[in-house]
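Visitor: I have a model open and would like to know how its labels are earned. Could you take me through it?

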Amino acid sequence: MLTQEQNDELTRIGPGTPMGAVLRHYWYPVAVTRELDEFPVKKARLLGEDWALFKTPEGAYGIVAERCPHRGASMVYGIVENGGLRCGYHGWKFDPEGTCVDILAEPDSSPEFRRRCSIRAGEAQELGGLVWAYVGDGPAPELPRYEAYVMDGIRDIGHSMLPCNWFQIMENAVDPYHVEALHGNYFEFIAANKGFDMPSAFSHNKHERVAFDPFEHGIIKRRLLQGQSEESDDWKIGHPLVFPYKMWVGGNGVFQMQIRVPVDDTHTWMLFYTVHAPEGADLPPDPPIVDYSYEWLDENGEHLVDYIEGQDIMAWVTQGEIADRTNEMITKSDVGVVACRRMFRNALDDVAAGRDPVAVVREPHDVIKLPLERSKFGRGAEFATEWIDRGSMRYSPIAEELKQLHRDAEAARQSMES
Ligand code: FES
Ligand SMILES: [Fe+2]
């Protein structure tokens, strides 16, 4: 149980808040690359602030405060030009660093004068089909090139805006018992009552042991299920909460970064960023990047709980816009949640002392590989196809092709073996 002050400290992320200062040490996706290719300027909301994100005709990305410093019109309705973004109202032009480089009605204005007319700017760049932004103070760290964003494979990005604080979603990343309860017992109950099959990989997963190991990118979560040996990937390897807003999960040729972008105190842009790369797959030379939004409410406004992530979303959203932790009952089985809060607490202390918090990457690098089970729950291609059928990927426009990719890869592996 937390006091109201402690809960506020953990969950409030706007400008001037302690957690806002922690989170402003990281890069976040703010758009899908496709969106800016279709239209070169887009509104982005991140950490409780509004921004205009743009791509110039030369291919440079920029992000500036939404409000024009001249008289406050929205830069989202600006003109994208070589070298920057020009406000639509009176034509002040800003480069990607935010410097005012031209004032339409004052062509003789001096560079010194224009410098005083600058707009607040962050940094933006593209990686793995997403456009990422850094809006913190000081020199931007490296954009971490986690394996998900650079590996070969077919990219399938499901994304929707959820009306809840990002932190309760992060607590879910270190909460293995919910898999047994929510994606096991509850799934069985709903499937039996609504008359559909649930993924067999999720039934009867009794947890015997769980473990949480802090490491330089977050917390590795491991589980030992009833009947599994200590040599199983689930216990020996596990998978991580990636600090401060992701989880890396998958197995059996499916690799998924779950990305929980803290849009503001009560909204999270939730992306299921999945790379399909089963061993033995015949991948096309230029594998596609597909994105779509997934549904989580039915036509009556009730939660869709007949798929895995829909069940998670039900739990996150029904906890409230910001979960009330002054009334909770934390018990022994919530040990992962406690470890998660401790890591965020340490990050608050680090930032208050002027240090980088955990998982800020300053070293240039090609790729960062994170631990991940290769054989999840001891399953093969069946795990992948069930996940596509009964996960958010069922909304993918290429769901059938993806399932075929996994079946073909399994057949290819089997024929190699025989
Ligand atoms: S409000 Fe943007 S140029 Fe006047
Ligand atoms: Fe879950």
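Guide: Gladly! This is a predicted model. Let us begin where two helices meet: Leu182, His183, Tyr186 and Phe187 in H7 touch Ile308, Gln311 and Ala315 in H9. By class, that contact has five nonpolar, two polar and no charged residues.

Visitor: What makes Gln311 and His183 polar here, rather than charged?

Guide: The charged class holds Asp, Glu, Lys and Arg, and residues outside both that class and the nonpolar one count as polar. Gln311 and His183 are among the residues that meet between H7 and H9, and by this definition both are therefore polar.

Visitor: Why are H7 and H9 called roughly perpendicular?

Guide: Helix H7 (residues 177-194) and helix H9 (residues 308-318) pack at about 105°, with their axes 10 Å apart. Angles of 65 to 115 degrees count as roughly perpendicular, so H7 and H9 earn that description.

Visitor: How do you know that H11 is largely enclosed by the rest of the structure?

Guide: A residue is buried if 20 or more other C-beta atoms lie within 10 Å of its own. In helix H11 (residues 381-389), seven of the nine residues are buried, so the helix is largely enclosed. Those residues are Ala381, Phe383, Ala384, Thr385, Glu386, Trp387 and Ile388.

Visitor: What do the buried residues of H11 pack against?

Guide: Their partners are strand E15 (246-251), strand E16 (254-264) and helix H12 (399-417).

Visitor: What makes E1 largely enclosed?

Guide: The reasoning is as for the helix. In strand E1 (residues 28-32), five of the five residues are buried, so the rest of the structure largely encloses it.

Visitor: How do you know that E1 and E10 pair?

Guide: Two strands pair if there are at least two bridges between them. E1 and strand E10 (residues 130-134) have four, in the antiparallel sense, so they qualify as a pair. Ala31 stands opposite Val131 of E10.

Visitor: Why are E2 and E4 called edge strands?

Guide: They belong to an open antiparallel sheet of three strands, in the order E2-E3-E4. Strand E2 (41-46) and strand E4 (61-65) each pair on one side only. From one strand to the next, the twist averages 30°. Within this sheet, six bridges join E2 to strand E3 (residues 49-55), and Arg45 has Asp50 in E3 as its bridge partner.

Visitor: Which strands are at the edges of the sheet E5-E6-E7-E8?

Guide: That sheet has four strands, is open and pairs in the antiparallel sense. Its edges are strand E5 (79-81) and strand E8 (100-103), each pairing on one side only. The twist here averages 25° from one strand to the next.

Visitor: How do you know that E7 and E8 pair?

Guide: Strand E7 (residues 92-94) is joined to E8 by three bridges, and the two run antiparallel. The requirement is at least two bridges, so E7 and E8 count as a pair. Lys93 has Asp102 in E8 as its bridge partner.

Visitor: Stepping back, why does the radius of gyration agree with that of a compact globule?

Guide: For 418 residues, a compact globule would have a radius of gyration near 22 Å, and the protein has 23 Å, so the values agree. The C-alpha trace spans about 75 × 55 × 45 Å along its principal axes. The protein has 12 helices and 18 strands, and 43% of its residues count as buried.

Key
Residues numbered from 1 in each chain as written. Chains lettered and ligands numbered in written order. Predicted model: local features only at pLDDT ≥ 70, side-chain atom pairs only at ≥ 80, totals over all residues. Axes fitted to C-alpha atoms, helices over the stretch in contact; angles between N-to-C directions. Buried ≥ 20, exposed ≤ 12 C-beta atoms within 10 Å, placed from the backbone. Rg over C-alpha atoms; globule rule 2.2 N^0.38 Å. Parallel < 35°, antiparallel > 145°, perpendicular 65-115°, else oblique. Contact = placed C-beta atoms within 7 Å.
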